[in-house]
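Reader: I've got a new fold to look at before I head back to the bench. Could you walk me through it?

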Amino acid sequence: MKLSFVGIPIYTLAKYRGMSEAVTNLRSAGILSRLRSADPNLVDLGDVDCPRIEADLGSKTLHNFDEFLEGTRKVREKLVKGIDGTRLTFLLGGECSFIVGSTAALKIVHKGRPGIVWMDAHGDYNTPETTDSGFIGGMCLAMACGRGPRLTSELEAARPLLDPEYVVHIGSRSLDPGEDKALESNVKLITAKQVKKDGIGKVARQTAKHVNDSCDWIIAHLDVDVFDPSVMSSVDFPEPGGLRDYDILTIFRELHKTGKINAIDLTAYNPNLDKDGRGRSFLLDIAPKLVATE
Ligand SMILES: [Mn+2]
């Protein structure tokens, strides 16, 4: 029984390299010692050697797909080797797009049906048919759910990696046309507006019940742009009307009560957009609270 840490500096568009720098930035700012304050048994598995992208190549609706597949293969390989015997894996991005490789690996190590709670201002549920940017980071949840382009044969054999019925998406306020309908009809979608209407207590309890009733283990995925820009503005796509730290911690608390969280993702912090270091301090403070089980 242990907590493992892996850095995954993945990015899939040249202009989003800043997100990959979150790993070295938060490491040197002491995120590991912060996490150790919540669990002294933390094991640092190091970082995945993700491809560097200098220019955006390939189809206009699917940029840098080869590099994404290469990064995905490396994420999967590192985790399969490293996390055996791990109770909880903390995955620090990089972009959300590592989810394809990490879920493939987690499913080999943890048996039974996974559920995921996806906290994000955006859907990440585009496909090449609905995207207007070709950005894979905006398609990664859809890919994990079996939509979008064919992946490698190894990954195809495990697809869908996630059953959309056991996906709870929380905090959205910027969905693309087409993406919105696909999300609404596929997953349990709780927009940021809905969170405000229902209250976070109810949303957190419902979410935990939904995944606990039907799943054997849970991934808690936190794209930090789910937070309101007043608490976290160091992201490439800030969207007003987001959640507060109290809201996210309430969700994590309810999820921890199930005893089934096997992975926590922290993604999309861009240190280059954090000139005064406020975003970094915020994340260093919240990280140990995400892994604490009480
Ligand atoms: Mn995202």
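What follows is a short chat about the sheet and the helices of this predicted model.

Reader: Let's start with the sheet. In which order do the eight strands come?

Author: It's an open sheet, and the pairing is parallel. Its edges are strand 2 (43–47) and strand 6 (188–190), each of which pairs on one side only. Neighbouring strands are turned by 15° against each other on average, direction ignored. Reading across the eight strands, the order is 2-1-3-8-7-4-5-6.

Reader: Which residue in strand 2 does F5 stand opposite?

Author: Look at where strand 1 (residues 3–8) runs parallel to strand 2, with three bridges joining them. Opposite F5 in strand 2 you'll find D44.

Reader: Helix 10 packs on that sheet, so what angle does its direction make with that of strand 5?

Author: Helix 10 (residues 200–214) touches strand 4 (114–119), strand 5 (167–170), strand 6 and strand 7 (217–223). Set against the direction of strand 5, the direction of helix 10 makes an angle of about 165°.

Reader: Helix 10 also packs with helix 11. How many charged residues does that contact have?

Author: Helix 11 covers residues 245–257, and the two helices pack at about 35° with their axes 9 Å apart. Helix 10 brings I200, G201, A204, R205, T207 and A208, while helix 11 brings D247, T250, I251, E254, L255 and K257. By class, that contact has five nonpolar residues, three polar ones and, to answer you, four charged.

Reader: And for helix 3 with helix 12, is the crossing left-handed or right-handed?

Author: Helix 3 (residues 31–38) and helix 12 (residues 278–291) have axes that come within 8 Å and cross at roughly 35°. I31, R34, L35, S37 and A38 of helix 3 meet L284, A287, P288 and V291 of helix 12. The class count there is seven nonpolar, one polar and one charged. As for the hand of the crossing, it's right-handed.

Reader: Last one: why is helix 5 largely enclosed by the rest of the structure?

Author: Burial here takes 20 or more other C-beta atoms within 10 Å of a residue's own. In helix 5, I99, V100, G101, S102, T103, A104, A105 and L106 are buried. Helix 5 (residues 99–109) is largely enclosed because, of its 11 residues, the number buried is eight.

Notes:
Residues numbered from 1 in each chain as written. Predicted model: local features only at pLDDT ≥ 70, side-chain atom pairs only at ≥ 80, totals over all residues. Buried ≥ 20, exposed ≤ 12 C-beta atoms within 10 Å, placed from the backbone. Helix = DSSP H or I, 4+ residues; strand = E, 2+ residues; numbered from the N terminus. Pairing = 2+ DSSP bridges. Axes fitted to C-alpha atoms, helices over the stretch in contact; angles between N-to-C directions. Contact = placed C-beta atoms within 7 Å. Nonpolar A, V, L, I, M, F, W, Y, C, P; charged D, E, K, R; others polar. Left-handed = near helix turned anticlockwise from the far one by under 90°.
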